[in-house]
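Student: I have a structure open and would like to learn how to read its features. Could you walk me through them?

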Amino acid sequence: MTRLETMLGGSPYVAYLYGYPHKTAYRPLSPAPSLESVWARERREALFLYLHIPFCEMRCGFCNLFTAAGPKEDVVQVYLQALTREARRVKEALGPTPFARIAVGGGTPTLLDVAGLHTVFDLAEQVMGADPHRLPVSVEVSPETVDAAKVAALRSRGVDRVSIGVQSFLESEVASVKRPQKTAQVEATLDLLRSAGFPTLNIDLIYGMEAQTEETWLASLRAALRFAPEELYLYPLYVRPLTFLGKKARAWDDQRLALYRAGRDFLRSEGYTQVSMRMFRARHAPSVEGPVYRCQEDGMVGLGCGARSYTERMHYSSEYAVGSREVRSIIAAYSERTEASFGEVGYGFVLDEAEQRRRHMLLSLLAEGVEFAAYRQRFGTEALADFPELAELETHGLARRTPEALHLTDAGVERSDLIGPWLHSEPVRALMEGYSWR
């Protein structure tokens with residue numbers, strides 16, 4: 001029995017691959033290279049600028065993001081000052097650089113007050129040189145932290161996409177994942193966002209929560225569609241080490257696949273196009289304007305504690321933790337850093353050519369598919385020759401090959417969280433397995 005066949009006999013929910021390699025494969029770099037050397041050979045025609053706000057009003061029971069709940073105001077202000085120092089040093093290293101996208105994430109960026117939000121956008125525009133009025137700009141929000149003044153500030157700074165984590169429109173379901181959320185507040189917030197005229201509204205929902213049924217899951221989807229979101233992300237519940245749910249003694253892999261299929265089929269029937277396992281786009285969604293950005297090929301400049309930066313040969317970030325004490329300690333250390341210290345890269349992962357090829361293949365496969373010509377143009381070799389194991393996906397009906405590309409089938413898409421980990425390289429798998437959660 002092959003490794004894929006063994007994995008197919010278990011849970012389809014192994015790990016969500018939103019980047020490769022995962023941050024748990026990062027390690028301290030010694031000696032620490034300079035920012036200038038890390039970016040010296042990188043293509044810079046279309047970079048993604050990401051600004052990270054590692055604070056939330058609360059920590060949900062499933063959350064393993066790098067975020068601290070309920071920070072004091074002085075902690076936030078000191079953090080924003082450090083973010084400013086980092087932006088200045090990064091800009092010094094990069095020089096004139098065109099950006100293709102801007103995103104502000106977290107945590108919950110709208111935990112900041114209006115002045116704090118303007119500070120973040122001033123850094124993007126005035127320090128980094130990324131004009132939010134000319135580029136696609138996305139910001140994450142939450143029902144508990146958004147008000148009319150903050151919405152007006154975001155619109156005035158050029159934000160054209162807001163993403164809101166609702167998870168469920170049933171209070172009993174969100175309470176089961178330690179999220180004290182009121183449906184009336186959620187609906188009022190969605191009304192506010194729609195009335196503000198953001199071109200793209202994304203709603204995040206979660207399936208697999210305690211006591212959730214197909215009926216209640218579809219009820220949440222119907223409630224979401226009342227606000228005509230341009231995008232919907234459907235996330236399976238993951239229970240991570242050190243989270244509230246991770247400490248509960250129960251099995252969670254009971255109904256997620258059935259709920260996924262019910263949600264997928266419902267959204268397709270309502271005219272939504274499935275882009276990936278998680279993402280669904282409405283017919284009325286606007287086309288993305290601005291420079292072309294391809295995550296397989298183009299780099300990312302991450303600013304803030306917890307943000308990741310990508311070049312072709314190096315991925316780097318601050319250290320990673322989930323436990324609240326460790327997260328706060330890392331944020332405190334970040335906030336004390338001098339501008340000069342931000343000129344060194346001390347924690348990350350060096351991608352050799354084999355890992356570069358694997359990353360391109362993986363990120364392509366789990367989205368639009370592996371385009372053979374694009375792969376050949378970038379690497380000078382054939383994707384199927386470099387990764388003969390991909391043929392096994394066809395054998396099991398998980399992928400379909402055409403002369404131009406290899407695409408996942410419906411059966412493959414619903415097992416994206418198994419296929420991604422299956423395709424990890426042995427060195428990356430060993431690093432992830434050797435990571436000590438803290």
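Student: Let me begin with a single residue: is C295 buried, partly exposed or exposed?

Tutor: The idea is to compare relative accessible area with two cut-offs: buried means under 20%, exposed over 50%, and partly exposed in between, using a 1.4 Å probe and protein chains only. C295 has 36% relative accessibility, so it counts as partly exposed. Before we go on, remember that this is a predicted model, where local features need pLDDT of at least 70, side-chain atom pairs count only at pLDDT 80 or more, and totals for chains, interfaces and linings use all residues. Residues are numbered from 1 along each chain as its sequence is written, and side-chain values use heavy atoms, with hydrogens and water left out.

Student: How many disulfides does a search of the whole structure find?

Tutor: A disulfide is a pair of cysteine sulfur atoms within 2.5 Å. Here the search returns 0. Take C305: its nearest cysteine sulfur belongs to C56 and is 14 Å away. C305 counts as buried because its relative accessibility is 0%.

Student: Now the overall fold. How many helices and strands does the protein have?

Tutor: Helices (H or I, at least four residues) and strands (E, at least two) are DSSP runs, numbered from the N terminus. The protein has 17 helices and 18 strands. Its radius of gyration is 21 Å, close to the 22 Å from the globule rule for 438 residues, so the protein is as compact as a globular protein of that length. That radius is taken over C-alpha atoms, and the rule is 2.2 Å times the number of residues to the power 0.38. Along the principal axes, the C-alpha atoms fill a box of roughly 55 × 55 × 45 Å.

Student: What share of the 438 residues counts as buried?

Tutor: The buried share is 56%. For contacts, meaning heavy atoms within 4.5 Å, consider pairs at least 6 apart in sequence: 79% of these join residues at least 24 apart.

Student: Which spatial distance separates S436 and T24, C-alpha to C-alpha?

Tutor: They are 8.5 Å apart in space, with their positions 412 residues apart in sequence. S436 sits in the segment after α17 (426–433), and its relative accessible area of 55% makes it exposed.

Student: Let's try backbone geometry. Where should I look for unusual torsions?

Tutor: Most residues other than glycine have a negative phi, and most peptide bonds are trans. In this model, the bond from Y20 to P21 is cis, with omega near -5°, and P21 lies in the loop between α1 (3–8) and β1 (27–28). Another cis peptide bond joins S30 and P31, with omega about 0°; P31 is in the loop between β1 and α2 (35–39).

Student: What is phi of Q167, and is Q167 buried or exposed?

Tutor: Phi of Q167 is near 75°, a positive value in a residue other than glycine. Q167 belongs to strand β7 (residues 161–167) and is buried, at 8% relative accessible area. A228 is not a glycine either, yet has a positive phi of about 45°. You will find A228 in the loop between α8 (214–225) and β9 (231–236), partly exposed at 32%.

Student: And how far apart are the mean positions of the positive and negative charges?

Tutor: Lys and Arg count as positive and Asp and Glu as negative, while His and the chain ends are not counted. Each charge is placed at NZ of Lys, CZ of Arg, CG of Asp or CD of Glu. For the 51 positive and 56 negative charges, the mean positions are 2 Å apart.
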